[in-house]
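Student: I should be grateful for a close look at a single part of this structure, namely the surroundings of ligand 1. Which residues surround ligand 1, and which atoms lie opposite its own?

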Amino acid sequence: MLQMKTHYPDATRVEPSHRHTLAIIVDNEPGVLARIAGLFSGRGYNIESLTVTETEHEAHISRITIVTTGTDSIIQQIKSQLERLVPVHRVVDLTLTGEAVERELCLVKVVGKGDHRVEAMRLASAFGARTLDATLTSFVYELTGTTDEVERFIKLMTAVGLVEVSRTGVAAMARGAEGMGGLSP
Amino acid sequence: MSETMTGAEMVIRALHDQGVEHIFGYPGGAVLPIYDAIFHQDKVQHILVRHEQGAVHAAEGYARSSGKPGVVLVTSGPGATNAITGLADAMMDSIPLVCITGQVPTHLIGSDAFQECDTVGITRHCTKHNYLVKSIEDLPRVLHEAFYVAQNGRPGPVVVDLPKDIQFKTGTYVRPLSNQHKTYRPTVKGDMDHIRAAIELMANAKRPVFYTGGGVINSGVHASTLLRELVHLTGFPITSTLMGLGAYPASDKQFLGMLGMHGTYEANLAMHECDVMINIGARFDDRITGRLDAFSPFSKRIHVDIDPSSINKTVKVDIPIVGDCAHVLEDMVRLWRQSAQQSDKVALQDWWGKIEGWRSRNCLGYRNSAETIKPQYALQRLYELTKDRETYISTEVGQHQMWAAQYFKFEEPNRWMTSGGHGTMGYGLPAAVGAQLAHPNALVIDIAGEASIQMMLQEMSTALQYNLPIKVFILNNEYMGMVRQWQELLHGGRYSQSYSESLPDFVKLAEAYGGVGIRCDKPGELDAKILEMINVNRPVIFDCLVDKQENCFPMIPSGKAHNEMLLNDYLGETGADISSVIDEKGKMLV
Ligand SMILES: Cc1ncc(C[n+]2csc(CCOP(=O)(O)OP(=O)(O)O)c2C)c(N)n1
Ligand SMILES: [Mg+2]
C-alpha cells in the first residue's frame with residue numbers, strides 16, 4: 001500500500017493567489033445582488049470590493065464590479081459559477097483582458113486646528129483631492145484614484161484628524177477601443 | 001390569443017399549456033385561490049401528499065422516471081420550508097422541477113405576517129432560479145419561463161413564489177410564443193475542435209475507460225442510445241456513477257459496474273489505471289474520486305458536461321467539452337465512423353485482460369447463509385424475480401441503497417431513482433409514488449431501510465388514496481446500518497444512537513394504512529413471499545429481516561484512493577482491525 005501523506009479536500013498544490021477584477025453584466029431584477037453575494041459567501045470566495053449600479057435603464061441592466069482574490073483555478077470557478085446564474089449575462093475578468101483602468105472614489109472628513117489643519121490641506125492638494133465642504137474646524141475631501149492611492153491618502157489623513165471615510169469600491173474598464181458589449185454603439 | 005382570467009386560473013392554464021398532467025401539493029391559506037381553480041377543472045390532476053417534502057420527492061420520482069418536469073404546489077411559510085429538503089435534493093441531482101409556493105399578499109410582505117417567510121431568500125441556494133411575482137402582468141411569462149429554466153441547461157428546481165393578492169387579480173393571459181428566457185441560453189452543441197481532439201485521443205488510447213453519469217439520463221433516452229453505440233464502436237470498458245445507472249445496460253460485458261466509494265473493484269481499478277478517461281455527464285463527485293491527489297494518476301481526461309462550472313472544479317481535465325450529452329455523443333459517434341477510427345486492438349486486448357483479472361476477484365461475492373437472510377441475497381432474489389417486468393426502483397439512503405445499486409442490474413435509463421448528491425433519507429417512498437403515477441402499470445419498488453422509511457412514511461396514505469400499488473421493500477437490519485458501519489470504521493464500534501430502537505410492527509403498520517404487510521426472516525421463504533408481494537395489486541410493506549451485522553463492501557474509505565479499496569473479505573485475509581483502516585485525517589472527512 002502506498003504511504004499517504006495528504007487527504008482531500010486539503011489542497012495539495014500550493015498555487016499563488018492573485019487579485020482579479022471582474023465585471024459582471026446582469027439583469028437588474030430583485031435579488032440579483034443577493035444571488036451574487038450569496039454565491040461568494042456560500043462557496044467560500046472573498047469579496048474585497050463590490051460596486052453596483054444600473055448602467056442601462058431602458059434594458060434594466062446593471063454592471064457589478066467585484067474585486068476578489070484566488071488561485072487561477074478558483075478565479076475560473078468563480079467565473080463559471082457566476083455565469084451559471086440565470087440573470088447573469090456575461091462575466092469578464094478585466095485582470096486577464098489586460099491592464100484595466102480601475103478607480104474608486106472616497107470621501108474623507110478631517111477635523112482639526114492649527115498645524116493639523118494646514119497639513120491636511122497640503123496633503124489634499126498633493127493628492128489632487130477636491131474640497132467638498134469646509135468649516136472652521138473641518139474639511140470633507142473627495143479623492144478619486146486607484147485603490148492604492150486611496151489607501152495611502154486615508155493613511156496619511158489619519159495622522160491629521162481623520163474622523164470618517166466613505167468609499168465606493170472599484171469601478172473598472174478595460175483599456176483600448178473595444179467595448180464590453182451590452183450598449184449599442 | 002389572449003384571455004382574461006385570474007392569477008390563480010393562469011397558474012392552472014399555464015401548467016396545462018406546458019403539458020402538465022399531475023401536480024403534487026398540499027393546500028393552505030396562501031394558495032387557496034389556486035386550489036379553487038383546481039376544483040373547477042379536470043385537466044391537471046392534483047395529488048394530495050401528506051407532507052410537502054413528500055410532494056417534492058414525488059415530483060422528483062415522477063420527473064426522473066418520465067423525463068418530464070415535476071410540478072409542486074405548496075402554501076407559504078411552513079409549506080415552503082417543508083419543501084426545502086426536497087428542493088435541495090433536486091438541486092444536487094439536477095432534477096427539473098417547478099415549485100409554486102403561496103406567499104402573503106404583496107402589501108404584507110416584510111411585515112412578519114402570519115405564515116410569511118422569505119421564500120425566495122430561503123430557496124435561493126437550493127434552487128436553480130427563483131421568482132417572486134409582484135404583478136399579474138409578469139405572471140404568464142414567469143410561469144412559462146420557469147419551465148424553460150428548469151429543463152434547459154443543467155436541469156434543476158425553480159421556485160415561483162406567488163402572493164395571494166396576485167392569485168386573485170385579473171389579468172391577460174397569453175401563452176408566450178416561446179417560453180425561452182430572454183438571455184439564458186446554455187450551450188448544447190459541443191465545440192467541434194475539442195470533440196475532434198477527443199476522438200483522436202480515444203483512438204490512440206491503450207487503457208481507456210468511459211465514466212458516465214446522471215447527465216446522460218438527463219439528456220434523454222436518445223443520449224443513452226448514442227452512448228451504447230459509441231461504447232460498442234470503440235470496444236472500451238464503461239463504468240457509471242450512482243446517478244447514471246441504466247444509461248448503459250448493466251448486463252453488457254463492457255459494463256464494469258458502478259464506480260466510487262461502494263463501486264466495484266474492476267471499475268475503480270480501471271479508473272485508477274486508465275490512460276484515457278472519457279467522462280460523459282458526471283461531475284467528479286467526492287464519492288467517485290476518493291482522495292483527489294491520487295485519483296486516476298496516469299490518465300488524460302475528456303469531460304463532457306453541460307455545466308461549465310463542473311469542468312475543472314475539482315479534477316483538471318485535458319479536453320473539456322461544454323454541451324449536452326446527446327448532442328456531443330452524436331458528434332462523437334459520427335466522427336468516429338467518418339474517420340473510420342479504429343481502437344488500438346492489441347492494447348485493448350491487454351487492457352481487457354487486466355480488467356478480467358480484476359473482475360475475477362468477484363468483489364460483490366458474499367458468504368450466504370441458510371439461516372439468516374443476507375441483504376445482498378435478498379436484493380439478488382428481488383432482482384431475479386422482477387427483472388423481466390417493467391420495474392422501477394427507488395431507494396432510501398444507507399447500506400440498502402448501495403446494495404441496491406450493486407445488485408440490481410439496470411438495463412434502461414429512467415428506471416432508477418435515488419438521492420445521490422444530497423443523500424436524503426425519506427426520498428424513496430414519495431419518489432416511488434411519483435414514479436408509479438407516471439407509470440401506472442409498472443412495478444415500482446422502494447428499496448428501504450427500517451430507519452429511512454420512517455422519515456416519509458406518511459406517504460403510504462397517498463399511495464392508498466390514489467390506488468398506487470407501490471412496494472416498500474425494507475431491508476430491516478435494526479440499525480442505521482451505514483452509520484453503524486462508519487462507527488466501526490471510525491469510532492471503535494461505539495454504536496452511538498445508531499440502533500433502531502422501538503421499531504413499529506411494519507406488517508401491522510401496512511395494514512393500518514390499508515395496505516398489505518408481509519414479513520420474511522427465512523432465506524427459504526424469500527422467493528415465495530417476494531412473488532406474493534409482486535402479485536398483490538395494492539401498496540405493500542415488505543419487512544425483510546436481514547443479517548444485522550452485514551457491512552457494505554467494496555468500500556473506499558474516506559481519504560483513500562481507488563487502489564486502496566476494502567473488500568468484503570478484507571478482514572479475513574489480512575487480519576487487520578477495521579477500526580484502524582482510516583487514519584486521523586481521514587476521520588475528518590464525510
Ligand atoms: C435526512 C437524513 N438524516 C441523516 C442521514 C445520515 N444517514 C445516512 S445513512 C443513515 C442510516 C440509514 O439507516 P437505514 O435506513 O436503516 O438504512 P441501512 O443503512 O440500515 O440500510 C443515516 C442516519 C441522512 N442521509 N439523511
Ligand atoms: Mg437499517
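Tutor: A polar contact is a pair of N or O atoms within 3.5 Å. The model is predicted, and the distances below are computed from it. With that cut-off in mind, one may begin with the side chain of B:Asn477: an N or O atom in it is 3.0 Å from an oxygen atom of ligand 1, and this pair is a polar contact because 3.0 Å is within 3.5 Å. The backbone takes part as well. B:Met482 places a backbone N or O atom 2.9 Å from an oxygen atom of the ligand, while a polar backbone atom of B:Met425 is 3.4 Å from a nitrogen atom of ligand 1.

On its own, ligand 1 has 590 Å² of accessible area, and the protein covers 77% of it. Two elements of chain B give two or more residues each to the shell: α16, which spans 399-407, and α19, which spans 481-490. The largest share, 3 residues, comes from α19(B).

In total, 17 residues surround the ligand. The closest are B:Gln399, B:His400, B:Gly423, B:Ser452 and B:Gly481. By character, the shell divides into 8 nonpolar residues, 8 polar residues and 1 charged residue.

A word on confidence in the other chain is in order. Chain A averages a pLDDT of 90, and 90% of the residues score at least 70. Over residues 1-9 of chain A, however, the pLDDT is below 50, although this stretch has 25 contacts in the model beyond near neighbours in sequence. Where pLDDT is low, the predicted coordinates should not be read in detail.

Terms used: Residues numbered from 1 in each chain as written. Chains lettered and ligands numbered in written order. Predicted model: local features only at pLDDT ≥ 70, side-chain atom pairs only at ≥ 80, totals over all residues. Heavy atoms only, no water. Near = heavy atom within 4 Å. Polar contact = N/O pair within 3.5 Å; in protein donor to acceptor, adjacent residues only side chain to side chain. Areas by Shrake-Rupley, 256 points an atom, 1.4 Å probe, with all protein chains shown as cover. Helix = DSSP H or I, 4+ residues; strand = E, 2+ residues; numbered from the N terminus. Nonpolar A, V, L, I, M, F, W, Y, C, P; charged D, E, K, R; others polar. pLDDT = per-residue confidence, 0-100. Contact = heavy atoms within 4.5 Å.
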